[in-house]
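Trainee: Please take me closely through the salt bridges of this model, and then through the parts of the chains that surround them. I would like the cut-off behind each term as it comes up.

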Amino acid sequence: MSDPALRIAIIDFHGTLCERDCAAAFGQAAHVETMLVSSEKDSFSGPVHAIVVPGGFSYGDYIRPGAMARTAPITRALYAAADAGTPIIGICNGFQILCEIRLLPGVLLKNRDGRFICRETGLRVQSRRSPFLAGVKPDVLRVPIAHKYGQYYCSAETLAELQANDQIALCYCDDEGQISDAANPNGSVGHIAGVTNKAGNVLGMMPHPERRAMPWHAGKDGNWMIESVCA
Amino acid sequence: MKYSVQVKIKDGVLDPEMETLQRLLRRSGVKGIRQLTHTQQFVLEFDDQVDATEAERVARTVAGDVLANPEIHDWTLDVL
């Protein structure tokens, strides 16, 4: 059997819980091999095409969601991969982690109304610089969110930088694709649902594309992102 | 050496927990509270063989890198 063309690493921190969903969703294509990598490892044991930091409650959300990930051995390997230009996506708690380890700007605060929100939301693709978004054809995706700490926050200066550098990847929108306060479920500054680093290879987003990817899911919009990075 | 790190949310950053608590207190009849904030205190106690300079350096690193997020927090360090 020949080696699969693409290896996608899925990081499993203590308390991560979406790793199997991500493995199933990202591993659908025959040419893709997904591998779970414990956060206790300090490398990915070989080249990887892309890295997924899944959702969950890593380290029990102690201190702040994602904050403890800074102490994990795999985090150094994440820094190196980000520097090398490897496509990286952080989903939900993965987004919180990427912000807390400073691979992405900003931070995720408790939702504006303090409640856990679990529902589908519209997402407007604002920038396709991330390899996870480069091949996404529709401008609006329908993907669920499930979070209590999803309110993206950054200073006014950082927001201006994000806009100037085309780092705002995804914004919350309504069914018609309109961005508004009413369509913003958690009070995120700038209606932001996802941002990239300056280089564009690291993407963080609160919604779960892996929950709209399989035949038994209510929709398959998440597959646009999966197919984009696996192309 | 023993250090106290106090972490508080910066002015202007929304704190839904404290807003909710203030609203519930008001509803239950508590009057006169203009603003309600909270501060987290972490106490770092070092081994005896760590000298004060090194202990303070480590305490500052831990405070700035893990205990607080500079995007939303102000923090202070005190010797106990």
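Mentor: What follows begins with the salt bridges and then turns to the contact between the chains, some loop residues and one helix.

This is a predicted model, in which local features need pLDDT of at least 70 and side-chain atom pairs count only at pLDDT 80 or more, while totals for chains, interfaces and linings use all residues. Residues are numbered from 1 along each chain as its sequence is written, chains are lettered from A and ligands numbered from 1 in the order in which they are written, and side-chain values rest on heavy atoms, with hydrogens and water left out.

Over all chains, the structure holds 12 salt bridges, the term standing for a side-chain nitrogen of Lys or Arg within 4 Å of a carboxyl oxygen of Asp or Glu. Four of the residues involved, Glu120(A), Arg142(A), Asp175(A) and Arg212(A), are linked in a network of such bridges. Within this group, Glu120(A) pairs with Arg212(A), and their closest N and O atoms are 2.8 Å apart. Glu120(A) belongs to strand 6 (residues 117-125) of chain A and Arg212(A) to the loop between strand 11 (202-205) and helix 5 (222-230), so the bridge ties together parts that are 92 residues apart in sequence. Helices (H or I, at least four residues) and strands (E, at least two) are DSSP runs, numbered from the N terminus. Arg212(A) is buried, with a relative accessible area of 14%, whereas Glu120(A), at 28%, is partly exposed; buried stands for under 20% relative accessible area, exposed for over 50%, and partly exposed for what lies in between, with a 1.4 Å probe and protein chains only.

Asp175(A) and Arg142(A) form another bridge of chain A, with an N to O distance of 2.5 Å. This pair, too, links distant parts of the chain, 33 residues apart: Asp175(A) sits in the loop between strand 9 (168-173) and strand 10 (192-196), and Arg142(A) in strand 7 (residues 140-147). Asp175(A) is exposed at 56%, while Arg142(A) counts as partly exposed at 27%.

In chain B, the side chains of Lys8(B) and Asp11(B) meet in a salt bridge at 4.0 Å, N to O. Lys8(B) is partly exposed, with a relative accessible area of 30%, and Asp11(B) is exposed at 68%.

Between chain A and chain B the count is two salt bridges, one of them joining Asp65(B) to Arg70(A), whose closest N and O atoms are 3.5 Å apart. The contact (heavy atoms within 4.5 Å) takes 19 residues from chain A and 15 residues from chain B. The area buried between the two chains is about 1,400 Å², and carbon and sulfur atoms give 55% of this; buried area is the accessible area (1.4 Å probe) that two parts lose on being put together, summed over both. Of the area that chain A buries against chain B, Ile63(A), Arg64(A) and Arg102(A) supply 34%, more than any other three residues.

Ile63(A) also deserves a look for its backbone, since its phi is near 65 degrees, a positive value in a residue other than glycine. The residue is found in the loop between strand 3 and helix 2 (74-84) of chain A, and is partly exposed at 28%. His191(A) likewise has a positive phi, of about 60 degrees, although it is not a glycine. Its place is in the loop between strand 9 and strand 10 of chain A, and His191(A) is buried, with a relative accessible area of 17%.

Another loop residue is Glu40(A), between strand 2 (32-38) and strand 3 (50-53) of chain A, which is partly exposed at 45%. Leaving aside residues up to four places away in sequence, Glu40(A) touches His14(A), Tyr59(A) and Pro73(A).

Finally, helix 1 of chain B (residues 16-27) has 12 residues and should span 16 Å at 1.5 Å a residue, which agrees with the 16 Å between its end C-alpha atoms; the expected span is 1.5 Å times one less than the number of residues. Its buried residues are Pro16(B), Met18(B) and Gln22(B). Just after this helix, Gly29(B) takes a positive phi of about 105 degrees.
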